[in-house]
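Visitor: Hi, I'd like to walk through a structure with you. Can you show it to me and start with the basics?

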Amino acid sequence: MQTGYILLATIAVPLLAAVALVLVPSRYPNVVRMIAVGTGFVLFGLSLYAFFAYQVSSGKDFQFELQWVWIENVGFLGDNGITLHLGIDGIGAPMVLLTGIVTFAGTLISNKIEYRNKDYFILLMLLVAGVFGVFCSLDMFFWFFFYELAVLPMYLLIGVWGSSSVFPTFSRTKEYSALKLTLVLVGASVPIFIGIFATFVESGLGTFDLPTLWAYAEQGGFDPNFQKIIFPLFMIGCGVLAGLWPFHTWSPDGHVAAPTAVSMLHAGVLMKLGAFGIIRLGMQLMPEGAEFWMPALITLGTINVIYGAISAMAQTDFKYMVGYSSVSHMGYVLMGLATLNPIGVNGAVLQMFSHGVMTALMFAMVGVLYDQAHTREMSLFGGLSQRMPRFAAFFAVAGLASLGLPGLSGFVAEFNVFVGTFQTYPALGALGVLGAAITAVYILRMFAVAFFGPANPRWDGLKDMSRFELAGGALLIAFILLMGVFPSPFVDRIAETVLRLPSVS
Amino acid sequence: MGMTDAWLLPLLPAGAFVVLLLFGPYLPRKGDWIAIGAMAATFGLVFPIIFDFTDELSRHGAEFAGVANSTQWLEVPGYLELRLGVHVDAITIVMLAVVTFVSLMVQVYSLAYMKGDSRYGWFYAVLSLFTASMLALVLADNFLLLYFAWELVGLCSYLLIGHYSHLRSAAEASKKAFITTRLGDVGLLIAIILLWRDTGTFNIQEIIAAAQAGTIRTEVLTASVVLLFLGAMGKSAQFPFHVWLPDAMEGPTPVSALIHAATMVVAGVYLVARTLPLFALVEGGQELVLAVGLLTTFMSAGMGLVMTDIKRVIAYSTINSLGLMFVALGVGAPGAAMLYLFTHAFFKALLFLGAGSVIHATDRQEVDQLGGLWSKMPITGVTFAVGALSMAGLPFLSGFWAKDEILHALLDNRGVFALTLLTLPVTAFYMTRVFVLTFLGEPKDPEAHAHAHESPLTMWVPLALLAGLTFVSGLIVFDQVGRALGFPGGIGEIIYAHEPEIFHFSVGNAIGSSLLVLLGLALAWYIYMLRPGTSAVAVRTFRPVYTLLVNKFYIDAVYQAIVDNVVLGVARMVAWFDRNVVNDTGVDGAGYTTKFAGYLLKYQQTGRLPNYALGIVVGVIALALVAFSIKG
């Protein structure tokens, strides 16, 4: 059964959960937890359904469609002026699934939150609703609305529940990181906003409906020069959220300062909104602009990969290392998109999913350790695998996925990105492969320093993962393995849609 | 069960891995019997495949190119198709036999050796995965699956080398192994993609056919071959990637046997043998293999002379042997290389398991603390001697046949031939040395000697079996032997399936090389057995050479310095740049600029009406001027 109500539910359920949480008195923290985990579970179920009920080669551009008119034929708005238009294609489907997985895992991991957990979960639910909204929206107005809804709760989530970092040479307060993250991302949405309005005006169709505008773009409706001016607005604006170098510094600081589940959601899912925006607004609306600007994007993407990996190598703090590793891995997404060939773009979308689950797992594991040890300095540990074997094993799976080990999700995605890049830019492709080797260096260095070697008696009291953490981690690992071993369910959906994209050939 | 069903082989141990991983802790004996059972079944299943192969071979003769079977894995319609498939031909058959048999021996041996280990079940799980990956590697009909398995082999070696993870040295050694080989793998992956770009396929046979048909551009083929070889050098521990292998003995000894004999290091030899037609098409391709192999042989022979750790000596002997195999490949004699690989697997596994038996009995592995074990551990002693002599190349042990076959292939290449001859006495010397110091002479550590005892049944039976094979496996080259065993075409054809190359035996070579081997042997016997003081004199006399060798030509130290200073130095610089320039100057700078602009502008908010009125008037006039100037 394919009905748009499924997608509507992914947005409505977290919003309703937020309302329900408002009504629960804060003296019942366990009720709050139950609602949060329950919502996570429902969202996971819904997204799983949406992914697997999505039919490959159905002949339709979008499935699970639903369109409710909000305003039309008023002033400058024509037919279908602004509508709540939901639907997913082969790119949206894995993204919805990703959001469901990470949300559920995140609520499980957040079980430990004690301080004002009601407010925490209310904000988290708003954020989740925003993310689902972006992945499902087929209307620029609502797309942007949900985009902002996803970004803004971060400020409070980091500022209130986050943690500050103090290093010998510098320090980052959580207030600073929260402020920087929010300002940079909101600032970056200004060009997106301008781009959206410029597109709306230029088309003269009086509608914000994306499929209508895409059809117009495909017929060559937008002047190539207009496209060349507007595309970079989308590329940079959305790119910032995807960690585009040199606008990436909000990401390591922000993710380090954020509480565990927020890091998981932000690095795992929100950064994908940026890449998703580049596809939806950039590549699909401005195919010729995309062609013109992609050499720039692929260069920046490659810088992301290498620069992020090298920076990660110098980190001594678990979470900073994971943060820079995200910058590096999002570079593969940008590289893949910028190839503009089906293999590369397919790889980029695969990488969006793959990076989402594996980075969520990494942040979850860092959280498991930090909650007990209250430090994230790698060199202070040692022999953790003896003390916390499950924790070490889970972290190892995430690390191995991130260094591109075959059999795990990262390999499938990166392999496609490499093949795609080699078709057009062999030198950059080679740098990309090298980036994966550098990843191996910093990941294995972390294992060697913190997990192996003699056990440090200072950490004798550390406990292995709780049941909730175990469940959340196992969920993420299941999908890392699924994509690594049976990539077809993902590739079939993604490739079909990618081959339809106007700028991809 | 025929050749097309060969895909089943890796799945059995892989299944054992999954079962042990999930249910191991709840199974009796942690499930070691599942791992060994799966391994034994796999070994058993190799035989029908060998028979099927020899049948086909006798039916089709040299035309028979192998059998393939594959299934789709993922597809971007019209652009990319990735398949998983198996291809069985002569090289595969040799590898299947070696991998399954040695793995089985190692697993049986580990029953006693690893008894009481805190991660016993996990050890068996990873052993199973190791074998499964290696089987997938040698069966792969395409480069993608090969790379897939190649990396899993790397992962398993990482996990097993680091098995004693509470030791800092094990953690470092496993990291070194993975990262060093991974650097080579960068080349391999790039080569695979480059070849795909020009041919549109990952299938190895199709790529070779395309290359021979000339559809791959010369520069692409050249680059691919060099990059491919980088991958092989990494896995097979060739200079300059050899540094990880001696350190890899931080793992439990059965793992060393597996890594050195059947899995991991022979993967590189296999890869080059498999793609040798590509090397032949590239100018200088084979010469590169030859040069690297020769250099590696020399260096490792030198280092093997001075090492005092019994496992380390054997480790350098492996590098020595691998170099020799590459030399054979470099002169276009894959048959000789595969024959050496085949026989080497048995005597090298034997040597490591023998060393393990010694370590198990004495808890020592420095030859300075061993000695006099012959009477205490007769089975280990005899079998170790067989292995060492075979490694030295003494007639008529298996190593002899293979070594002479390589020498024969080198006949056209006088210089290489002479240089290779030079290494023979060296190899014989250090193998004799390690045997004498371990088993003969006076016990250097009486306490260890007193506790020493022969190893239990599950350990000495594999030793005996491997020793037996060390005696006879070289006879594979004689067709009569194969026919007697019931293979219609003789088993020599398994190795020499499709090439003009056949087994040669030249009496002159055999006598000459044997004399050299005996010379090395006698010299070592004299120095270490008859005049035990001589070695110290030799060390004093050749102090600079000794220092150079004992410090492994300072290569490890140089690498370490590069990593510590250059690589990490650059990393710290980039991280500093990111924090101070990109973030604190760029991002925060934008923030402070905005703040400062606000600070300046706030003085315009005077709160006095006349000031505002003036502002309005000036503004209107300015706008009007602009409007007029634009209009006309």
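Guide: Sure. First, pLDDT is the predictor's confidence in each residue, from 0 to 100. This is a predicted model, where local features need pLDDT of at least 70, side-chain atom pairs count only at pLDDT 80 or more, and totals for chains, interfaces and linings use all residues. Residues are numbered from 1 along each chain as its sequence is written, while chains are lettered from A and ligands numbered from 1 in the order in which they are written.

Visitor: Which elements of chain A have the lowest and the highest mean pLDDT?
Guide: Strand β3 (residues 165-166) of chain A is lowest at 84, and α3(A) is highest at 94. Helices (H or I, at least four residues) and strands (E, at least two) are DSSP runs, numbered from the N terminus. Chain A as a whole averages 91, with 100% of its residues scoring at least 70.

Visitor: Cool. How do α3(A) and α11(A) cross?
Guide: The axes of α3 (residues 92-109) and α11 (residues 260-285) of chain A come within 8 Å and cross at roughly 165°. That makes α3(A) roughly antiparallel to α11(A). Axes are lines fitted to C-alpha atoms, for helices over the stretch in contact, with angles from 0 to 180 degrees between N-to-C directions; under 35 degrees counts as roughly parallel, over 145 as roughly antiparallel, 65 to 115 as roughly perpendicular and the rest as oblique.

Visitor: What classes of residue are in the contact of α3(A) with α11(A)?
Guide: There are 10 nonpolar, six polar and one charged. Ala, Val, Leu, Ile, Met, Phe, Trp, Tyr, Cys and Pro count as nonpolar, Asp, Glu, Lys and Arg as charged, and the others, Gly among them, as polar.

Visitor: And what about α12(A) and α13(A)?
Guide: Their axes come within 7 Å and cross at roughly 160°, so α12(A) and α13(A) are roughly antiparallel to each other. Their contact has 15 nonpolar, nine polar and no charged residues.

Visitor: New topic: how many residues does each chain give to the contact of A and B?
Guide: Chain A gives 44 and chain B gives 41. Two residues are in contact if their C-beta atoms, placed from the backbone, lie within 7 Å. On chain A's side, the largest share, 10 residues, comes from α18(A).

Visitor: Last one: is A:Q372 buried or exposed?
Guide: A:Q372, found in helix α14 of chain A, is partly exposed, with 15 other C-beta atoms within 10 Å. Buried takes 20 or more, exposed 12 or fewer, and partly exposed is in between.
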